[in-house]
Amino acid sequence: IEFLRRELTKDFDVIMRFWDFPKPTISAVHTYCLGSGMEMAVACDITIADEGCRFGAPEVKFGSGIVALILPWVIGLKQAKELLLTGDDRVTPERALALGLINRVVPAGSCLDEALAMARAIAANDRVVVMATKQAINRGAEIMGMRQGLLQGLEVGVFAEASETPESREFNEILEKEGAKAALVWQEARLARETAEPE
């Protein structure tokens, strides 16, 4: 379990670099933004997404935990619980915008240009004041207990990764032997069987 804790702590630290970085961070999202990728986008100060991309946190489907549980701090408890407990990995950018997960939805293929334009707009302001403002906003969240909450969430992630169920064992075996696509097909079929109404 200590090995898992060390590895997940490294992942946690990578995600939190975006939050802790003194200058503003901007995420440009296209295609899929799932799992830790979504956590990184959430940790950024501003997130701009292409139309047609998808967000999600499917970890519960695979017996995994969330590394950096920032989502509830950004979109609220009710919405975060829905996304994280269902493992929804098909959240549209329009819904992500309505939830407060992202800042803008832009035409497909333009998210990087829009992110660069946002960066230029921020860079035109007083650098010291911009950095101080980011620090003050983040510090307010941390005073409310965010950092301690994230560290507790990391421990739950370690527990989830260390726990093995028959389902997670079979999923991981298929993942290792046949690849992610086959494992996901198996998972969907298993869920369909379990949720089917008895005849």
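Angles under 35 degrees count as roughly parallel, over 145 as roughly antiparallel, 65 to 115 as roughly perpendicular, and whatever is left as oblique. Keep that handy for the exercises below, which use a predicted model.

**Exercise 1.** Work out how helix 1 and helix 7 are oriented to each other, and which residues make the contact.

*Solution.* Start with the geometry: helix 1 (residues 2-20) and helix 7 (residues 127-143) pack at about 125°, and their axes are 11 Å apart. That angle falls in none of the named ranges, so the pair is oblique. Next, the contact: helix 1 brings Phe-18, Trp-19 and Asp-20, while helix 7 brings Lys-134, Asn-138, Ala-141 and Glu-142. Sorted by type, these residues are 3 nonpolar, 1 polar and 3 charged.

**Exercise 2.** Do the same for helix 9 and helix 10, adding the handedness of the crossing.

*Solution.* The axes of helix 9 (residues 166-178) and helix 10 (residues 180-195) come within 7 Å and cross at roughly 150°. The cut-off is over 145, so the two helices are roughly antiparallel. Their crossing is right-handed. Among the residues in this contact are Phe-171 and Ile-174 of helix 9, plus Leu-184 and Trp-186 of helix 10. The full tally is 8 nonpolar, 1 polar and 4 charged.

**Exercise 3.** Decide whether Ala-43 is buried or exposed, then find its contacts beyond four places in sequence.

*Solution.* First, place it: Ala-43 sits in helix 2 (residues 36-43). Its relative accessible area is 0%, so Ala-43 is buried. Skipping neighbours within four places in sequence, Ala-43 touches Ile-15, Phe-18, Trp-19, Thr-25 and Ile-70.

Conventions: Residues are numbered from 1 along each chain as its sequence is written. This is a predicted model: local features need pLDDT of at least 70, side-chain atom pairs count only at pLDDT 80 or more; totals for chains, interfaces and linings use all residues. Side-chain values use heavy atoms; hydrogens and water are left out. Helices (H or I, at least four residues) and strands (E, at least two) are DSSP runs, numbered from the N terminus. Buried means under 20% relative accessible area, exposed over 50%, partly exposed in between (1.4 Å probe, protein chains only). Contact means heavy atoms within 4.5 Å. Axes are lines fitted to C-alpha atoms, for helices over the stretch in contact, and angles run from 0 to 180 degrees between N-to-C directions. A crossing is left-handed if the near helix is turned anticlockwise from the far one by less than a right angle, and right-handed if clockwise. Ala, Val, Leu, Ile, Met, Phe, Trp, Tyr, Cys and Pro count as nonpolar, Asp, Glu, Lys and Arg as charged, and the others, Gly among them, as polar.
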